[in-house]
Amino acid sequence: MGRSTETTDFSGTVSGRLADGILLVCIANPPVNAASADVRAGLFEALARARQSPDITAVVITGAGRTFVGGADIREFGKPAVEPGLPAVVARIEAMDKPIIAAINGPALGGGCEIALACHYRIAGEAAKLGLPEVKLGIVPGAGGTQRLPRLVGLARAAELIASGRLLSADEALACGLVDRIAGDDLVGAAIAAAPGLIAGALRRTGELAVPPQQADALAILAAGLVARARGQPAVAEAVRLVKLAAERPLAEGLAEERATFLRLRDSDEAAALRYVFFAERAAAKISGLAGATPRPIRVVGIAGTGLMGSGIALSALAAGYQVIATDRSPAAAESGRSRITALVDRAVRAGRIEAKGGAEWLGRLLVGSSLAALAPADLVVEAVFDDLAVKMELFAQLDAIVGSCAVLATNTSYLDPDVLAAVTRQPARVCGLHFFSPAHVMRLVEVVRCGKTSPDVLVTGIAFARQLGKLPIVSGVGEGFIGNRIFSAYRREAEFLIEEGALPQEIDAAIEAYGFAMGPFAVFDLAGLEIAWARRKRQAAQRDPALRYVDIADRLCEAGRFGQKSGRGWYAYVDGERRVDPDVVAMIDLSRAAKKIVARHVPADEIVARLLAAMVQEGEAILAEGIAERASDIDLVMINGYGFPARKGGPMFASGRREPG
Ligand code: 3H9
């Protein structure tokens, strides 16, 4: 390489261009410039060249495309290590005797952030995002992040950022000292322009900085809170421990401890499961039969029904910037819907999730009324009225006549057949399901239901809309309960079999909570209310195959007025909001067993978990065989994001030994 501006390839993914003594190193490893073996080798080469060549006075590192570096290459985890490792590359950057400047053009995540941390100066473009999201993959940063970040931003902030995996915008990164400057349009130009000043002065090596002092007791309180919130995720506790170590030990010792912890966690079952979940989410976006389909534009979202579900969906749509028109069947119902939505916005303001003026702006985009005709301008209508087929059929026929010919009609039904709703419209191709989970503004899952006649562009519109709301859309075919509720029914059935055989609700809940669910099945049934499932069972009673095993204990509970938490009694008793084991329930269970001449036996916790998992997997296999779900990992995502299955177990299908994405 001479003085000219010719380009040198240091590896297949790292190139350099020398101009006026400054080597511009560009990482181009699509799609996200992950720091794969070839990138690391290329950076090593570039650094060696910079050190040896007297023509080079400074180095600028940047990423091609929209990303700086999206992190270590996650696909390499679990495979034999290839030298040089990222810690060696990072150490060489920091030790360089010529200034190295990070020109952060987009996300600098995980190992990408660690590369930036080791540079002597960091300039961020407007699109930069910085963070160490490793805990989401069940690991800690492994290339110095836990030791260098506290030296720049302090222990408390570093602990919070690493424990949460939260990403910072360029402005936030500047405010806390993670970057030194924000550049305007010409990021690389600004980085090159900064070089002469750095060449003239002493290099600021992050690893040589003292960790800003922090009150020990304040840090201890913060650390305890972060670990408690992580509910037993080992990576979070380890990350907090390592950050604290940065203030207690010399850099080299801290780095060695970080590396050992990273390697141990990387090879854990939990990290393998979380990597699978990461790739499962990417795989879920690849849906067959949609090639070439583009989403229809959506500006105005209509919502029919402003109950709990409709209000939550309205809030999500307002948060995503849509114009929202919500309707209910009477002025009084619409008024209480408006109050519910307003209360949700107020709560978001009070919790600091949005500013007060943001809340006012959201409400400024909301219209609530009792006339269905008001939905005429909607580009997409989500129907969220009571789950009654006749009511919904009438509503769909009316909506079909009211909205424009390009508008999409979506139903939020949980159990009804959306094909029947599509059939009452003149354009069944524009009907799909958008099945939200309660509370709809919180839960990330949306099952996007591909009905028999849904056109590809309508399905893509539903998916794009859900994504715009910040949700995780999973496509499901039509079938009783779609993916999630169908598996949940199998889970419920098996849990009731276990009761009949000898387990008690509290034993089943304890076993499943120890496995990692936030709540066991019986606590969930009580929270959701027992009456809807009861009504469904009564409807289906005539068609039920008498040869099939049926547990009637839930029916007995409902007949006794025990509808769950809101009625104060269900599978448990609720005293001042506290869940208690109820001897009356135990007696009812005993009676039911006695009527069937079942002698109760002790069911151990591991059998409880194994039986419930097997029931989910068996139903999952049937769902796959029927083509309701496209892939097993979609089922896992539904159960993790809609039903509290622990992500660190990877979902029922993964836990049963299936291995797909990744
Ligand atoms: C780490 O860095 C450890 C270090 O501390 C220590 C090392 C010693 N590797 O999300 P997208 C693929 S741990 C491999 O749809 P976007 C992804 O699978 C890592 N592949 O794009 C998909 O592939 P496909 C810490 C990766 O624009 C494609 O890229 N870093 C990686 O919506 C597009 O992905 C993270 O945890 C990767 N690191 O978002 C960041 N990342 O097309 C993880 C992505 O075949 N990544 N792929 O399905 C992200 O958060 C987002 O991908 C990002 C881009 C924001 C970068």
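These are my notebook entries on a ligand site, one helix and three loop residues in a predicted model.

**Entry 1, the ligand**

I began with the ligand and looked up which residues stand around it; of the 27 in its shell, Ala72, Gly111, Glu114, Glu134 and Lys286 come nearest. Sorting the shell by residue class, I noted 14 nonpolar, 5 polar and 8 charged residues.

I then went through polar contacts, starting with a ligand nitrogen atom that lies 3.0 Å from a polar backbone atom of Gly70. On the side-chain part of the list, an oxygen atom of the ligand is 3.5 Å from an N or O atom of Arg75, and an oxygen atom of the ligand is 2.4 Å from an N or O atom in the side chain of Lys286. I also looked up the cover that the protein provides: the ligand taken alone exposes 1,100 Å², and the protein buries 76% of that.

Turning to secondary structure, I found that the elements giving two or more residues to the shell are α3, α10 (251-266) and α11 (269-284), and that α11 supplies the largest share, 3 residues.

**Entry 2, helix α25**

Because α11 appears again among the packing partners of another helix, I looked at α25 next, whose buried residues pack against α11, β17 (445-449), β18 (472-476), α18 (484-501), α24 (605-625) and α26 (652-655). Is α25 buried or exposed along its residues? I found that 12 of its 12 residues are buried, so the helix is largely enclosed by the rest of the structure; the buried set includes the charged residues Asp634 and Asp636, along with Ile635, Leu637 and Tyr643.

I also checked the length of α25 (residues 632-643): at 1.5 Å a residue its 12 residues should span 16 Å, and the end C-alpha atoms are 16 Å apart, which agrees. After α25 comes Gly644, for which I noted a positive phi, near 80°.

**Entry 3, His120**

His120 sits in the loop between α3 (111-118) and β7 (121-124), and I recorded a relative accessibility of 3%, so His120 counts as buried. For its side chain I found a polar atom 3.0 Å from the backbone oxygen of Glu94. Not counting residues up to four places away in sequence, His120 touches Ile93, Glu94, Met96, Lys98, Pro99, Ile100, Leu203, Arg204 and Arg205.

**Entry 4, Lys471**

What does the side chain of Lys471 reach? I found the backbone oxygen of Ala440 at 2.6 Å. Lys471 lies in the loop between α17 (456-468) and β18, and its relative accessible area is 7%, under the 20% cut-off, so I entered Lys471 as buried. Leaving aside neighbours within four places in sequence, the contacts of Lys471 include Ser316, Phe436, Ala440, His441 and Val446. I also noted that Lys471 and Gly106 are 365 residues apart in sequence and 23 Å apart in space, C-alpha to C-alpha.

**Entry 5, Leu372**

I closed with Leu372, which lies in the loop between β13 (366-369) and β14 (380-383) and which, at 18% relative accessibility, counts as buried because the limit is 20%. Beyond its neighbours within four places in sequence, Leu372 is in contact with Thr327, Leu395, Gln398, Leu399 and Ile402. For a long-range pair I looked up Leu372 and Ile123, which are 249 residues apart in sequence and 53 Å apart in space, C-alpha to C-alpha.

Methods. Residues are numbered from 1 along each chain as its sequence is written. This is a predicted model: local features need pLDDT of at least 70, side-chain atom pairs count only at pLDDT 80 or more; totals for chains, interfaces and linings use all residues. Side-chain values use heavy atoms; hydrogens and water are left out. Helices (H or I, at least four residues) and strands (E, at least two) are DSSP runs, numbered from the N terminus. Buried means under 20% relative accessible area, exposed over 50%, partly exposed in between (1.4 Å probe, protein chains only). A polar contact is a pair of N or O atoms within 3.5 Å; within protein, one must be able to donate a hydrogen and the other to accept it, and residues adjacent in sequence count only if both atoms are side-chain atoms. Contact means heavy atoms within 4.5 Å. A residue is near a molecule or strand if one of its heavy atoms lies within 4 Å of it. Accessible areas come from the Shrake-Rupley method with a 1.4 Å probe; for residues, only the protein chains shown count as cover. The expected span of a helix is 1.5 Å times one less than its number of residues.
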